[in-house]
Amino acid sequence: MTYSCFKAYFPLLLLNVLFLHIDCMSISAYTLERQRIMKSEESDMFGSSLVLNKQEGLISDILIKAKRAEIEDSRVNGTIFPPAINFFESKKLIDSSKVFQIIKRMPKGGALHTHGSAITSLDWLVKNVTYRANCYMCHDNQGHLQMHFYDTPPQPSYCQWESVQHVRERSGNALLFDQQLIKNISIIVDDPHSTYVTVNDVWRRFGLYFKIVNGLYRYTPIFKDYLQQALREFEEDNVQYIEIRATLSPLYELDGSKHDQEHKLLTYRDTVNDYMAAHPDFIGCKLIQSGIRFFKRDDILDDIKSYVKYQQKYSDIIRGFDLIGQEGPGKPLSYYLDDLLYPSTLDPPVSVPYFFHAGETDWEGSQVDLSLVDAVLLNTSRIGHGFALYKHPEVMKMLKQKDIAIEVNPISNQVLKLVEDLRNHGAITMFANDYPLVVGSDDPAAWGALPQSHDFYMAYMAMTREDAGLEVLKQLAINSMQYSAMTSSEKMEAMKKWERKWNEFIIEILRQHSHDGQLIG
Ligand SMILES: *[C@@H]1O[C@H](CO)[C@@H](O)[C@H](O)[C@H]1NC(C)=O
Ligand SMILES: *[C@@H]1O[C@H](CO)[C@@H](O)[C@H](O)[C@H]1NC(C)=O
Ligand SMILES: *[C@@H]1O[C@H](CO)[C@@H](O)[C@H](O)[C@H]1NC(C)=O
Ligand SMILES: *[C@@H]1O[C@H](CO)[C@@H](O)[C@H](O)[C@H]1NC(C)=O
Ligand SMILES: [Zn+2]
């Protein structure tokens with residue numbers, strides 16, 4: 001080291017700022033600067049502000065060890081890294097992962113991004129709902145399956161309704177019939193790459209799935225069981241709270257008559273209350289009323305007007321408004337701007353909590369991509385997906401300033417073909433910069449995912465550092481309550497219920513680990 005270098009470098013060390021050229025830097029200065037950069041990034045990381053207690057720290061070590069082993073085996077030996085391939089192909093691998101086993105057991109708080117038509121497993125729909133009396137099926141003139149409950153089915157020329165019970169009996173093999181039925185309804189395929197080449201291919205199939213499921217679960221008595229079953233499945237996945245994007249499409253009766261929107265709200269509310277009475281650990285379920293972003297402006301304005309009416313009357317169950325449906329070809333938020341501003345023009349102005357889906361697209365700079373800007377200007381409480389956010393630095397800055405949470409849905413984005421390898425997901429930069437994030441599952445039943453665990457696994461394994469531990473998962477759980485549509489007193493109750501489960505989880509995993517000696521080894 002030259003004398004001048006030495007002189008320059010010594011006081012700078014104290015300041016922790018370095019102007020030196022590398023050829024003029026001692027090895028130790030280089031190392032210090034390297035450490036400073038790494039430390040800075042570490043402290044910017046999502047979850048880094050949480051301080052884990054000693055027991056949590058032990059579990060974090062177990063988790064990191066398992067995470068590192070899965071990652072390193074892939075990096076060094078070329079084994080398949082599950083988040084890098086389509087979920088339809090990776091699910092089996094994930095289910096046998098040690099990290100996943102811990103995540104499954106972990107109390108994950110609330111699920112803030114789900115849709116009413118895809119929260120109850122298809123398995124249950126087929127093995128339970130289609131076994132009930134008055135369930136009918138037919139294939140329309142395009143060969144698409146439809147299902148519905150009827151007293152006496154209509155006999156239109158395009159679809160010959162037949163009792164499912166009869167078709168099942170005629171098949172001679174109920175087990176095989178059910179397997180086929182599941183396969184025919186599901187969007188899950190063995191070869192997702194060739195079956196679904198474009199985003200539109202998979203969305204078309206997705207639309208057919210919803211049509212069949214809607215026919216089944218919107219029959220009033222089924223709806224109640226369907227919702228209870230959903231809550232049960234979420235709770236079994238250690239999720240204690242759920243917010244559902246719900247259209248207020250009416251429930252029907254056997255004679256084909258339809259109820260009104262309020263009937264649906266009340267049925268939601270009563271069913272949730274029944275469930276809560278029998279499951280005191282459960283925190284609750286709230287709705288975000290959802291219009292369809294293909295509908296006419298008048299329809300959306302009607303939706304908003306009814307929301308304004310319901311939000312006071314049914315504030316115990318309904319907490320916000322959103323627009324849903326495939327964004328790419330759909331209408332941007334700006335198309336409905338006057339309708340969305342309508343509540344603010346009332347005298348006195350009404351404040352509607354918006355929870356907009358936005359940025360669920362790969363089309364940068366298009367009208368739909370710019371919905372991200374409108375969502376923020378319309379004071380959205382959270383952003384659904386925000387997949388395209390990394391292309392909008394100014395919007396990102398505003399989200400952080402206004403503390404607006406982003407609902408990241410990893411598997412949805414992969415299955416619906418916005419990104420293949422989840423290590424290339426735009427949310428990674430938001431994890432690295434400690435944005436207010438929550439992880440959701442969007443339509444878990446449609447891709448055969450657990451209510452939250454598979455998406456938590458993806459976020460943890462593919463979107464955070466190899467050495468990020470339990471603090472990431474704990475922060476996600478806490479955020480899911482903090483950024484929920486609950487009131488502040490509800491949030492406090494929720495935190496208590498969750499903390500009780502969390503402490504049990506910590507003790508159980510530690511006990512199991514010391515038992516097995518080598519739970520994770
Ligand atoms: C790679 O595979 C070998 C042989 O199975 C194994 O011993 C080794 O631990 C693996 N390396 C990593 C980094 O997992
Ligand atoms: C499933 O689809 C196949 C092929 O279209 C058809 O042959 C079969 O009858 C269907 N089974 C059920 C139960 O829907
Ligand atoms: C279907 O689900 C209901 C509860 O929703 C349950 O009571 C019933 O036993 C189930 N039936 C079958 C055949 O699994
Ligand atoms: C959004 O919030 C800001 C600041 O509170 C307010 O000035 C503005 O009017 C709101 N915009 C809408 C559309 O409600
Ligand atoms: Zn969604």
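1. **Ligand 2 and its neighbours.** Let's start at ligand 2, where one of the ligand's oxygen atoms is 2.3 Å from an N or O atom in the side chain of N184. A nitrogen atom of ligand 2 also has a partner, since a polar side-chain atom of Q180 lies 3.3 Å from it. Please keep in mind as you read that this is a predicted model. Besides Q180 and N184, the residues surrounding ligand 2 are M137, F177 and L181. The protein covers 50% of the 360 Å² of accessible area that ligand 2 has on its own.

2. **Where that shell comes from.** Which helix gives the largest share of the shell around ligand 2? That is helix α8, residues 174-185, with four residues. By class, the shell around ligand 2 holds three nonpolar residues, two polar ones and no charged ones. There is a general point to recall when you look at a helix lining a ligand: an α-helix has 3.6 residues a turn, so residues three or four places apart point the same way.

3. **Ligand 3.** Around ligand 3 you will find W124, N128, R132 and D225. An N or O atom in the side chain of N128 is 2.3 Å from an oxygen atom of ligand 3. Here the protein covers 39% of the 360 Å² of accessible area that the ligand has on its own. The shell around ligand 3 is made up of one nonpolar, one polar and two charged residues.

4. **Ligand 1.** The residues around ligand 1 are E72, D73 and N77. In D73, a polar side-chain atom lies 3.2 Å from an oxygen atom of ligand 1. How much of the accessible area of ligand 1 does the protein cover? The share is 33% of the 360 Å² that ligand 1 has on its own.

5. **Domains and the annotated region.** The domain assignment splits the protein chain into domain 1 (1-44) and domain 2 (98-480 + 491-503). Taken over C-alpha atoms, the centres of domain 1 and domain 2 are separated by 50 Å. An unreviewed UniProt entry carries the annotation "domain: Adenosine deaminase" for residues 201-494. Over residues 201-494, the chain is 48% helix and 13% strand, and the C-alpha atoms at the two ends are 40 Å apart.

6. **A charged side chain that is covered.** R382 is a good residue to click on in strand β9. Is R382 buried or exposed? R382 counts as buried because its relative accessibility is 0%, and the cut-off for buried is under 20%. The side chain of R382 makes a polar contact of 2.8 Å with the side chain of E243. That side chain of R382 also reaches the backbone oxygen of L112, at 3.2 Å.

7. **Helix α20.** Helix α20, residues 453-463, is mostly covered, with 11 of its 11 residues buried. Among them are S453, H454, F456, Y457 and M463. D455 is found in helix α20 too. D455 counts as buried because its relative accessibility is 0%. D455 and V408 are 47 residues apart along the chain, and their C-alpha atoms are separated by 9.0 Å.

8. **Two positive phi angles.** N379 is not a glycine, yet it has a positive phi of about 60°. You can find N379 in the loop between α15 (371-377) and β9 (382-385). N379 counts as exposed because its relative accessibility is 53%. D434 also has a positive phi in a residue other than glycine, near 55°. D434 is found in the loop between α18 (427-432) and β11 (437-439). With a relative accessible area of 30%, D434 is partly exposed.

9. **A cis peptide bond.** One last stop for your tour: which residues flank a cis peptide bond with omega near -5°? The bond runs from D347 to P348. P348 is found in the loop between α14 (337-345) and β8 (355-358).

Notes: Residues numbered from 1 in each chain as written. Chains lettered and ligands numbered in written order. Predicted model: local features only at pLDDT ≥ 70, side-chain atom pairs only at ≥ 80, totals over all residues. Heavy atoms only, no water. Near = heavy atom within 4 Å. Polar contact = N/O pair within 3.5 Å; in protein donor to acceptor, adjacent residues only side chain to side chain. Areas by Shrake-Rupley, 256 points an atom, 1.4 Å probe, with all protein chains shown as cover. Nonpolar A, V, L, I, M, F, W, Y, C, P; charged D, E, K, R; others polar. UniProt positions renumbered as here; feature names shortened; annotations may be inferred. Domains from an automatic or database assignment. Buried < 20%, exposed > 50% of the residue type's maximum accessible area, 1.4 Å probe, protein only.
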